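Me: I have a structure open in the viewer and would like to understand the labels people put on it. Could you take me through the reasoning behind them?

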Amino acid sequence: EQAAKEQAEQEQAAKEQAEQEQAAKEQAAKAQAALSDLQLRSGPGNPITGDEKSALCKGCHGNTGVSMDPLIPKLAGQYGKYIAKQVRNYQASIRTHQIMGAIAASVTDEDLADISAYFGAQSMMKGDTPSSNQVGENLFKNGDMTRMLVPCNNCHGATGKGQNPRNSVFPVIGGQHKEYLLGQLTNFKKGTRNNSPGGVMNIMVQHLSDAEIDALADYVSGL
């Protein structure tokens, strides 16, 4: 009887140890997956060297990519490749902005990759206060197929944080400043900004009224 009891205790101990080892493996796998996702999102650059190289950028966009001026975009958690694309568009005058055009002209490809990776590796931008704007929420989640308006979350993700770390085509917009979002949506509608994939943003916003654009910017900024 004593031998049976000891054997049962040993089996139980072995079982518990196996469970602990399995849990440790799963935790390590999750940590590795999270790290891989962060690396994918931040892009091919080096965020550590990007920290120092981004000193000039931080003056406007904030130390961690959270700008104080609502007309200057937050970069925190934005796809590194998306940030790099926008800067290259400024270099090529596809996008125009007096300050960004001048700064972009002096950035090398290596520095741009590192700077983009630094901001992409920061904690994801988020809204200060959730919005209760029902018009904006409905457009974001459901669109309006009677006007061929595709829901925003189809491309930008359920909470506006992007579809997945591998897809940098459509940017993080959830939690971005309302004023910046409003300005960019208006620019797409006017045609003064034309650098979205296939001109999709120019096409979509043509179906929106100014009031709907404001409502959408209000809702998305709170995500």
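Me: Let's start with two helices. Why are H9 and H11 called oblique to each other?

Reply: Happy to help, and please keep in mind that this is a predicted model. The axes of H9 (residues 178-190) and H11 (residues 210-221) cross at roughly 140° and come within 8 Å. An angle has to be over 145 degrees to count as roughly antiparallel, and 65 to 115 counts as roughly perpendicular. The crossing fits neither range, and H9 and H11 are therefore oblique to each other. The crossing is also right-handed.

Me: Which residues make the contact of H9 with H11?

Reply: H9 contributes Lys178, Leu181, Leu182, Leu185, Thr186 and Lys189, while H11 brings Asp210, Ile213, Asp214, Ala217, Asp218, Val220 and Ser221. Sorted by class, that contact has six nonpolar, two polar and five charged residues.

Me: What makes H7 roughly perpendicular to H11?

Reply: The angle between H7 and H11 is about 80°, and their axes are 7 Å apart. Since 65 to 115 degrees is the range for roughly perpendicular, H7 earns that label relative to H11. On the H7 side the contact uses Val135, Gly136, Glu137, Leu139, Phe140 and Lys141, and on the H11 side Glu212, Ala215, Leu216, Tyr219 and Val220. By class, this contact has seven nonpolar, one polar and three charged residues.

Me: And H4 with H5, what makes H4 roughly perpendicular to H5?

Reply: The reasoning runs along similar lines. H4 and H5 (residues 98-105) pack at about 95°, with axes 8 Å apart. That angle falls within 65 to 115 degrees, so H4 is roughly perpendicular to H5. Val87, Tyr90 and Gln91 of H4 meet Met100, Gly101, Ala104 and Ala105 of H5. The contact of H4 with H5 has five nonpolar, two polar and no charged residues.

Me: Now the aromatic rings. How many aromatic pairs are there, and why is the pair of Tyr118 and Phe119 called edge-to-face?

Reply: The count comes to two aromatic pairs. In the pair of Tyr118 and Phe119, the ring centres are 5.2 Å apart and the planes stand at 70°. Centres within 6.5 Å qualify as a pair, and planes over 60 degrees apart count as edge-to-face, so that is the name for Tyr118 and Phe119. Both of these residues are buried.

Me: Why is the pair of Phe140 and Tyr219 called tilted?

Reply: Their ring centres are 5.7 Å apart, with the planes at 55°. Stacked would need under 30 degrees and edge-to-face over 60, so this pair is tilted. Phe140 belongs to H7 and Tyr219 to H11, so the pair ties together parts that are 79 residues apart in sequence.

Me: How do you know that Phe140 and Tyr219 are buried?

Reply: Buried means under 20% relative accessible area. Phe140 has 0% relative accessibility, so Phe140 counts as buried. Tyr219 has 7%, so Tyr219 is buried too.

Me: What makes Ser67 and His177 count as buried?

Reply: The cut-off is again under 20%. Ser67, in the loop between H3 (55-61) and H4 (80-91), has 2% relative accessibility and so counts as buried. His177, in the loop between H8 (153-156) and H9, has 14% and so counts as buried. Leaving aside neighbours within four places in sequence, Ser67 contacts Cys60, His61, Gly62, Ile72, Pro73, Lys74 and His177. With those neighbours set aside as well, the contacts of His177 include Ser67, Asp69, Pro70 and Ser221.

Me: Why is Ser132 called exposed?

Reply: Exposed means over 50%, and Ser132 has 66% relative accessibility, so Ser132 counts as exposed. You will find Ser132 in the loop between H6 (109-120) and H7 (134-142). The C-alpha atoms of Ser132 and Gly222 are 8.7 Å apart, with their places 90 residues apart along the chain.

Me: Last one: what is the phi of Ser93, and how do you know that Ser93 is exposed?

Reply: Ser93 has a positive phi of about 60° although it is not a glycine. Ser93 sits in the loop between H4 and H5. Its relative accessible area is 53%, and with the cut-off at over 50%, Ser93 is exposed. Met148, in the loop between H7 and H8, also has a positive phi, near 60°. At 54% relative accessibility, Met148 counts as exposed.

Notes:
Residues numbered from 1 in each chain as written. Predicted model: local features only at pLDDT ≥ 70, side-chain atom pairs only at ≥ 80, totals over all residues. Heavy atoms only, no water. Axes fitted to C-alpha atoms, helices over the stretch in contact; angles between N-to-C directions. Helix = DSSP H or I, 4+ residues; strand = E, 2+ residues; numbered from the N terminus. Parallel < 35°, antiparallel > 145°, perpendicular 65-115°, else oblique. Left-handed = near helix turned anticlockwise from the far one by under 90°. Contact = heavy atoms within 4.5 Å. Nonpolar A, V, L, I, M, F, W, Y, C, P; charged D, E, K, R; others polar. Buried < 20%, exposed > 50% of the residue type's maximum accessible area, 1.4 Å probe, protein only. Phe/Tyr/Trp six-rings, centres within 6.5 Å; stacked < 30°, edge-to-face > 60°.
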